[in-house]
Every structure is written in C-alpha cells, then in structure tokens.
Amino acid sequence: MELRDYQDIHQRLLGRISSVLLGQEEVSLHALAALLAGGHILIEGVPGLGKTLLVRVLSRVLGAEFRRIQFTPDLMPSDVTGGNVWNAQTGSFDFHPGPVFSELLLADEVNRAPAKTQSALLEAMQERAVTIDGKTRPLPRPFLVLATQNPIESQGTYPLPEAQLDRFLLKVNVSYPSLDVEKSLLAACAAGFDSEHLNLEPVIDRATLLEMQHVPETVEVGPSIIDYIARIVAATRTHRAIEVGASPRASIGLLRVARAAAAADGRSFVVPDDVKSFARAVLRHRIVLFPDSGIEGITPDDVVTSILAETSVPGVGA
Amino acid sequence: MRLRPPLARATLLACVVTGLALGSEPPQTPTAQPTVRREVEARLTSGRYPFCSEDSYRLWQADKDRLCERRAELDADCPGLAAACQRPSWDEASSEPTSPDWLWELAQLLGESGGTAFRVLYWAALGLGVLYLGRALVRSMRRSKSDASPQPVATVAASPTEEEWSTQPAPVLLDRAQAELDRDPIRALHLAYAALLAALGQAGHVRVHRALTTGDYRRALARAQPESRAGSLLWDLDWARFQRSVDGEGARRLLLRVRELISVITVLAFLSGNTVLSGCAHSGGNEPVGSPGGPRGLGLFEELARARAPSFTRRLKRVTDVPVATTTAIVVEAHLRPLEWQILAGYVATGGHLLVAGTAAGFEEAFGQKLELEPCPAPLTAPALELVSPGSARAPLVGLVPTGADAVLGSCGALHFARVHRHGNGWVTLVADASFLDNTSLAFSDNASFALDLIKSPVGHVEFIGPWTGPGALHPLESVTNAGVGPWLLHLLAALTLLAWSRGRRFGSPRKTAAQPRRTLAEHVEALAGHYRRSGDLGGAVARYATWAIAVLGRRSGSSNRDLRALAESLHGSRKVSIGMSKDEVHQLLLRARAGAELGGDKAKLLRAFQVLRTMVDEVAGHTAQRSNRR
C-alpha cells in the first residue's frame, strides 16, 4: 500500500468517526493511530462521554469482528478467555472460546474486575495468544483491545497493575465536550440520532486493516528523532516527581505511534511534532508519581508536559 | 613650579642614572636601514594591519583625502590600501545629486502642490505606523497577560520562558546556511529554520524556545497572525530537513523563500518598532579611528620600537615620574598637564631624551621654546633618505617654523619637519606632524628607518606617552567626566529615583523574612479542609484526621497503630491521658473515628470522636514537648 492510499483511507476513517463522535477529534485521532500502529488503547473518562460509542464506531468503520466484556467484580478469567467444557455426548472436553477470541475487544470498565481476571488479558495483549489447560491458542489477527475505565470511582475497583498498564500503547483521556459541540450533539439527537442503532458502513475490510498496519513500518526515522524519543523517555526516569519512570517498551511504543502519525500525514519520515503530539498519551499511564506529588495535585500529564517543555527538539540548534 | 619631594627625588635619580649611562650625545642623523624595511613589510602582511591586506577594507573619507592622491606609491608599498582608495567609504562625499533625475523632474512638475501632497502622505504613513504600533503593543500586552496566567505545571517545573538557544541574528544564520548549502544541505536547512525562527522571535511573533516544535510555532503564529506565511514555510522546512535525502535545488529554493520572508519580517518589525536592527557588524567596514592597527594607528611604530628597546612601556597612568633607566620618552599627541610637562622637562634637563610629535599644549611653557606650525609647502626631505609624505595636497603635513635649533633632521621646503634642541644636559627631538609615525606612513619607503632613528641609540627603557595616557582628575566629578559615564550615571539615578518612587515609603526597608516551611502542604491542607466544608463531608474529614492522629498516638505511646485494641489499652493505661473512658470505649471510638467516611451521617458521634482524639493528641504531644524542653 502506498503512503498516499494510507493517508486517504486514514482521512476517510477519521471523517466517518468524527461524523458520529462529535467534538472528540483528538481522541479519535489517537485511537485510530494506536489501532493502525497495532497497539491496544486504554480510554479513561467519566461516564457518558462516549467511550463505548467510540469503540463501537471504530469496530464498524474498521469492519472488524467486535465483542464486548463488561468487567464486574465476579468476572472470572475463564469468562474472558473461554474454557474446556465436558461434553457428555462425546465424552470429551470441548473448547468454548471466550470473547477474547475476536478482532476488536471492548473491555468495558476494566478496573472493576479483580487482578486475577485482569491478568487473563496480559498474555492475550502481549503474545496475542491464550493458554488454556496447557494449550496455547492463537488469537485472530488483527487483535486489538480497547479498554475503558472510570477515573472518579474508587469503591469496589481494582486499579490496573503497572505490568498491565504497560501493555496499552496509549491511554486516551476523554473530556467533556465544549458548549457548542454539546449543542450540536443535542440537535443531532433531536433530529433522530440513535447511538444504539448506528448505520455505519465499513470503510475498510479486515485485509486492508492488516495491510495498513504494516505501512508505518516503512516510515523512516532519523537518528535525531530516535535521540529525541530516547531523551524524553529517559527524562521520566530522573524527574523529581516520578517514582517509577517509563520502560523501554514506552520508547518503542512512542516510536511506533510516531511512525503511524507520519504515515497518516502522508510522510515517509518522522518529524519531532509526531513524537511530541503523542508523548502524553504514550507516557501518562506508564509513570508512577511519588505520593507527595499526588497530594500536591500534580498529574502525570503535568509531569510529561514539563518534560516535553525541557527537552530540546532536534534540528533547531544546528 | 616646585616639584613635590618624591617626584623630584625620582626624577633626579632617573636623570643621574641615565646621564651616567648615556652621557649627553645628541641623536644621530637618520640613515637608511634595509632590515627595517623588511621588518615593516613582514608586519604589514601579518594580518594585524588589515588596511594593507584585507580585500574588503574601507577607508574613512579623511584617510582617503590624505592618502589616495599618492596611488602610485601606495600600489608599490601597500597594495591593499590602493584598492581601498577605489572603494567607497561610508561617509564619502558624492558629487552626484542626492535624488535621481526623474525625482527632480517630478518635483518640478508638481511644484507647490506636490510638496503638500507629500506632506499629507508622510503624515498619513506616520499615523498608520503609530496605529500599527499601538495595535502591536495591545496584542503584546494581551499575550503577556495570558502567558502570566497560572499553569498547572508550574508546580512541577519552571516553564520555558527564556530563550536558551539561537541568540544569533537571522542574517548571520542565513549566511551560514548559504555557506553550508553545497557541503551539507540538511545542516543548511536546519540553519535556515533557526534563522527564520530568530527573525520571528526578534519581531515578537513567536517566543523561541529549544523545546518547541514546528507545530507549536504554527499554532502560535495562527493565533497571532492568521495570514502569516511563516507557518507554512516552517512546515516546508520541516519536510525538507528531516528527510533522509535532500534535493539541492529544492533546498536552494527554500533558502530563497526564507531570505525573502526574513527581509519582509525585519522591515515590518523595524517599522513597527518591534526590533533592533543587527547583523551589519560582520561586513567589511572602517576601523575605529583610534584603532592601533588602522591606517591612523601607531601600532606599527610601537611594535618596531618595542623590538629594539630592552624595555618598553605604554604609559597608561598620568605622568608623575619617569622610570629609572629611561633613555627616551616619546610623547605623541598626548594631553598632558603643566605639571607633567614640568616632570618631563626635569627629566630632560638631567640628561634624558624626549621625542615630541605633533601638537603639544604646555610644551612651550615647560621648555621655554616656541612651537609654530605651518602647512608644509614641499615634500619631505632628509639627508641620505628617501621619504614619502603621508600628507597630500588636500591634507598636507605641517612643519615647524625655523628657529635656532641644534640639528635639523628633516625638512619640508623652508620649514623644519624634525629637529633637535638641547635642554639642560639632555635633548628634545621635535617632529612637527604625528601622522608621520602612523601605520600608513611607516609603510612608505624609508619612513620607518627615519622614525626609528629618532629614538636615541643605543636605547634603554622607552616610555611611550600618548592620547591613552590618563590625564587624571583633581576631584571625583572630573573623573566621572573624563570617563564619559556622566550620562549613564544620570540615567541610573533617574531610574533609581523612579524605582524608589514606585515602591513608596517602604522602599529600602528590609522585607519580612519569616520562613514559610512546607507552604505547599499547608495550602493543600487548607484546600482539603475547604473541600470537606463545602461538601459537608464530616465523616471523610474525621477519618483522615483519625488516620493521622492514630499514627501520632501510636508513635508517641510506643504501640502499633495497626492494632487499635492494643493502642486503646496503652492510651487507657497512660498517665498522660485523662479522658475518663473505659478501654472498650476508647477502642470503639478509635474504630469509629477511622471508619468515619463509612459511618456517614451520625454527626454527633463523629464530632465527639474528633474532640476526644484531639484531646488525646494534645495531651500526648504536650507531655512530649515538656519532656523535650526539660532535656
């Protein structure tokens, strides 16, 4: 696939998503970039902002098989992965695949399930395979997890462990729409828009999606850009407000998503803007702040912003 | 005039020593020295005297008037100077009309009404300029106001407000880019990018910072100047400079676009008063008038003399004495006080040698000899030497009106150019025109040999006194005047007055230095308390207080704060705590307080728990404090 075709399809996908999901252009852009870079997304936002709608729209326009798991405290790992069930007629165990065997998996309110169930997704997200009763079963391609969580509730929730968070390529924060956007949204509802019955045609099919996921790999990355990424990530390990910095997986993730952003812009090379525009989404869930920073009201986004504001951009001081 | 005792002693000692050493021989008649000529040529081509070697050197008009009539001699001895004569000087008088012909014709055609129209246009343009400037100022103020609004990241790190890179002016960076274009196009594009940013920064369109990307600049430009072309050009530069292979022709076109845009930005910024023009200093220009290496400098003479003298001093402080073993004191265009001339006269009277070149106010009174100067009517001549006059018909050298001299070393027509007088036991050599000793003069023919022979031989220490020798001051105000810092001090005084006035009566009084330890934590606690008060969440507040109080009580009473029953027993048994409750009641109270958030609405119980906890904390903490004091 040529870069021009990639850019064209990307534009059409983005336009289709934005036509349904009003006022969330940045969220849509991030989500799409992560999916095309082959990464999983954690979407965080208060209820009612369209997190689930975003995932459903994505599944429709990407033409991918979509399943949803509503995470609850009593959800068991086998409810996610599936399991072997005794078949009395045949006298053997039949494998019943769980919802994880899909192309696009929505893990709704993922932090409501206990750590044991959350961990059932670990192997699936990293290895793209599930091991049940000693047998490893590959997941379909593409396999993308879109998880949502609610940031305000703490009763009865189980925060995702760092290892699990690190598996998500991006963490996207969904915020309230502006007043004008909300008016447009109300007008659309008044005109008969029903989010439960989306009438969206797929823009691409499964094969095209797989082909698109390979295009960013052809995008060139100069040494100065690599240096820039490395310096940003390294800064998270020495920042005074951060207890645990980002891992090398974060550097790789930032590189992948920057390449996807460059390809979406029709470029065969990465520029510093590609890196900087995705740095917050890649790093915000991968750093652990000191408790006193949390008490002071400092958020990971603030810290990443300050790091970006202190890291020199390649090429300007030449 | 009577000399002060220390000065007199020093002068006397110097004179005795030099008198004993040198006797009272007059200076020898100058002779030609081929080694001096070679030495002069070597120094002139060393690069220290750019007027003789630099291709782009320009001469001041005064130098051109003096030198350029002697093109043929210049060509032979100093070709660079001859080339500079053909180059225009900054202040060259032009014989051409100051305006083009068509403008004269237009002015005559329009007549009186043309002048009126011009004035109207002029004032309209000026008014528009003022309006534009006002608009720019208002925008700038708004921008600074919005920049000053508190940012959430302020607590994490200092926001980038200062320029930390690329302080070079845009033209310099662009020139470097142009120079790099063929060798390293990517570096040239990076430099062009930096140049464009520097121009935008100087014009006040963006705040340049090393951590900002093109996207950041484009957003800033879109906010400030939606119609600006700079954003798209920055983006094009990004496209070009981060590609692996760069098209040389495309890079050239981009550089041209950058150059055009920078010109426009600079002109607009200059018109709106937003910037200070800079970047002209690197082009070939005139030397400062007093530069030692310039055409009128004395650097070459000083170098030649220094090479011959065992000891040479360029005197910076005023003349209060003459160092011991000084064989020659040279005075060139110095502004000396009568007392200083007296000291020099005393030095000469006791056997010293003084070379005086150029005008010397105060010399006549100290030495009792009359100095009358007149323009030379003829070229310079000296026995057995071929001299070239550095003066021309328009700016001739001056000569001394003949008087009774002991020896005449050089002349110009009927006037003496250099002569020797005896004064006491020593000698005074007078040179009529100090420009004979300057760098261009010594470049010609045998002039350098003649000039060096004026210094008495064999030489000992040479004291060189000139315009750089400090005149000294009788009082501090004269010192300030001499230093030329009077206006600066007045400005500083005015600024300080304004500062004092703006600060009011408290200006200068010491500030309160009361430390505010853990200010951020205190603010956090206050904000938290306000949050609980507004939401009426008494349970949450009590629970958090109880967590802290139980930790304090556990630490002070020496029991674990995890085991509340043990803590209750410890508190109940303590003599320090007098709460009048049973062990179980204390245990229940601690449990209830810590679970305050879940108990919800029983306000009375929560308040009771809070009060008891507070009492216990006060008693335990108070007891500990007293114990600490006793220690």
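Biologist: Of the 631 residues of chain B, what percentage count as buried?

Modeller: This is a predicted model, in which local features need pLDDT of at least 70, side-chain atom pairs count only at pLDDT 80 or more, and totals for chains, interfaces and linings use all residues. Residues are numbered from 1 along each chain as its sequence is written, while chains are lettered from A and ligands numbered from 1 in the order in which they are written. A residue is buried if 20 or more other C-beta atoms, placed from the backbone, lie within 10 Å of its own. Of the 631 residues of chain B, the share that counts as buried is 34%.

Biologist: Which helix gives the largest share of the largest nonpolar core?

Modeller: Such a core is a set of buried Ala, Val, Leu, Ile, Met, Phe, Trp, Tyr and Cys residues joined through C-beta atoms within 7 Å. The largest has 128 residues, and those touching the most other members include A33(A), L254(A) and A192(B). Helices are DSSP runs of H or I with at least four residues, numbered from the N terminus, and the largest share, 13 residues, comes from residues 185-202 of chain B, helix α9.

Biologist: Which residues does A33(A) contact, leaving aside its neighbours within four places in sequence?

Modeller: Two residues are in contact if their C-beta atoms, placed from the backbone, lie within 7 Å. With neighbours within four places in sequence left aside, the contacts of A33(A) are V257(A), A260(A), A261(A), A264(A) and F278(A).

Biologist: How many helices and strands does chain B have?

Modeller: Strands are DSSP runs of E with at least two residues. The secondary structure of chain B comes to 25 helices and 10 strands.

Notes. Buried ≥ 20, exposed ≤ 12 C-beta atoms within 10 Å, placed from the backbone.
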